[in-house]
Amino acid sequence: MTETSLAFQAPTRFGAYGGAFAPETLMAALFELERAWLEARADDGFRAELAGLLRDFAGRATPLFHARRLSDELGCEVWLKREDLLHTGAHKLNNTLGQALLAQRMGKHRILAETGAGQHGVATAAACALLGLECRVYMGAVDAARQAPNLQRMRLLGAEIALVEHGQATLKDAINEAMRDWVGEPDTTHYLLGSALGPHPFPSIVADFQRVIGEEAREQILAQAGGLPDVAAACVGGGSNAIGLFRGFVDDEEVELVGVEAGGEDVENDRHAARFASGEPGVLHGSLTYLLQDADGQVLPTHSVSAGLDYPAVGPEHAALRDAGRARYTYAKDSEALEGFQLLARLEGILPALESSHAVGWLSSEREALAKKRVLINLSGRGDKDLETVERVLGGEA
Ligand SMILES: *Cc1c(COP(=O)(O)O)cnc(C)c1O
């Protein structure tokens, strides 16, 4: 087949956002990936194999938990979707298992991934070990220095780590390097992107593999609470756990969808990652979306206490949901996330990831407006990876 006979089949845009702003050398690989994904999702055999791995390897379905003591404390009815109980400690495995299986189906034996905190790297390395695929993980040198245990986990799972020294030497630079590698060897290699961002078809593929969160949660809350939630909320880094939750409720107009970004130290002083609070539409990593940028369109540095939310752009589907007024986006500062972390630890016996703690911190800060409401929070991951950060920030208080 010649390249010119190829074109995308599925919509590449979410409202005005998304698209595939990729170098021409990548377009053939993106067309091929989209076609393979559309075929796989229509194939009962593929769906059954993935469902089997999600059940027996990853531990799905994850529970829905009624947090009674937190509910009493806040004066609303809080339900937690427990993605923290998924194998490797976060929702990321839903996507890495799906894409690794897709790569295998495409006959690709080499997997590339980027990672910030190392969570996506670990989830990718685990999926590759399971399926016998080669795995190379790009990681900024600055991030690597902060995340030694996850480096060790990735290596033990058989992944090769490629440190990225240039730029800010963090996640954004790791994505650039992974894309560069993919351009060089698209025939043997799949780039396993870790969030609902990047050029089409990635935002659609990742949302498709994460929608299991919202679909399960909807059934569970109907069965356990006897009705839909008034509010469904999740933290938003690239946006994959949030879009996974939202997909389950987006057609239920009575359910308010809330995305919580990283407010960092303060949104006024530029030390944050609240793209909707102060970003503007622009292109990064192949997608048109809200972006923290200067007047020349140069990407600005970001800050968050949680590495998983520390990214200058947001998945394009969220930009569209916001424009359409279907979802509302707000932020929680570092200090509010730490408060959320402590609330859940002391009242419910759960140490949440600092990313997920943003959603809990937001809930706590809006408790008056949410009085008596039924609120569903996606607890995207567990906090074991964050203990050192929490100890350092809280000092003697913890
Ligand atoms: C990576 C990560 C996030 C942020 O990524 P999204 O794509 O926005 O979901 C949130 N929570 C946890 C626990 C993570 O590991």
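Here is a short chat about the predicted model shown above.

Reader: Let's start in the sheet. Is strand 6 mostly covered or mostly open, and how many of its residues are buried?
Author: Strand 6 takes in residues 134–140. That makes seven residues, and the strand is mostly covered, with the buried ones numbering five.

Reader: What joins strand 5 to strand 6, and which way do they run?
Author: Strand 5 is made of residues 110–115, and six bridges tie it to strand 6. If you want a spot to look at, find Ala113, which sits opposite Val137 in strand 6. As for direction, the two strands run parallel.

Reader: What hand does the crossover between those two strands have?
Author: Follow the chain out of strand 5 and you go through helix 5, residues 119–131, before you reach strand 6. That path is a β-α-β crossover, and its hand is right-handed.

Reader: And on to strand 7: which residue there stands opposite Gly140?
Author: Strand 7 covers residues 160–164 and runs parallel to strand 6, with five bridges between them. Gly140 has its partner in strand 7, and that partner is Val164.

Reader: Now my favourite bit, the ligand. Which residues come nearest to it?
Author: There are 17 residues around the ligand. The ones that come nearest are Lys92, Ser195, Gly237, Ser240 and Ser380.

Reader: How far is the side chain of Ser240 from an oxygen atom of the ligand?
Author: Let's take the backbone first: a backbone N or O atom of Gly237 is 2.7 Å from a ligand oxygen, and one of Gly238 is 3.2 Å from a ligand oxygen. For Ser240 the atom is an N or O in the side chain, and its distance to a ligand oxygen is 2.7 Å.

Reader: What share of the ligand does the protein bury?
Author: Start from the ligand taken alone, which exposes 380 Å². Of that area, the share buried by the protein is 96%.

Reader: On to the rings. Why is the pair of Phe276 and Tyr290 tilted?
Author: A search of the whole structure turns up seven aromatic pairs. In the one formed by Phe276 and Tyr290, the ring centres are 5.0 Å apart and the planes meet at 55°. Under 30 degrees would be stacked and over 60 edge-to-face, so at 55° the pair counts as tilted.

Reader: Where in the chain do those two rings sit, and how many residues apart?
Author: Phe276 belongs to helix 12, residues 275–278, and Tyr290 to strand 13, residues 287–291. Both are in one aromatic cluster with Tyr17 and Tyr329. The pair links distant parts of the chain, and the separation is 14 residues.

Reader: Which side chain does Asn378 touch in a polar contact?
Author: Asn378 is part of strand 15, residues 374–379. Its relative accessibility is 0%, so it counts as buried. A polar contact of 2.9 Å links its side chain to that of Asn241.

Reader: Where should I look for oddities, say the cis peptide bond that ends at Pro201?
Author: Most peptide bonds are trans. This one has omega near 10° and starts at His200. Pro201 itself lies in the loop between strand 8 and helix 9.

Reader: Is His285, with its positive phi, buried or exposed?
Author: His285 has a phi of about 50° and is not a glycine. You'll find His285 in the loop between strand 12 and strand 13. Its relative accessibility is 7%, under the 20% cut-off, so His285 is buried.

Definitions and conventions
Residues are numbered from 1 along each chain as its sequence is written. This is a predicted model: local features need pLDDT of at least 70, side-chain atom pairs count only at pLDDT 80 or more; totals for chains, interfaces and linings use all residues. Side-chain values use heavy atoms; hydrogens and water are left out. Buried means under 20% relative accessible area, exposed over 50%, partly exposed in between (1.4 Å probe, protein chains only). Helices (H or I, at least four residues) and strands (E, at least two) are DSSP runs, numbered from the N terminus. Two strands pair if DSSP finds at least two bridges between them. A crossover is right-handed if, with the strands pointing away from the viewer, the path from the first strand over the helix to the second runs clockwise. A residue is near a molecule or strand if one of its heavy atoms lies within 4 Å of it. A polar contact is a pair of N or O atoms within 3.5 Å; within protein, one must be able to donate a hydrogen and the other to accept it, and residues adjacent in sequence count only if both atoms are side-chain atoms. Accessible areas come from the Shrake-Rupley method with a 1.4 Å probe; for residues, only the protein chains shown count as cover. Rings of Phe, Tyr and Trp (its six-membered ring) pair if their centres lie within 6.5 Å; planes under 30 degrees apart count as stacked, over 60 as edge-to-face and the rest as tilted.
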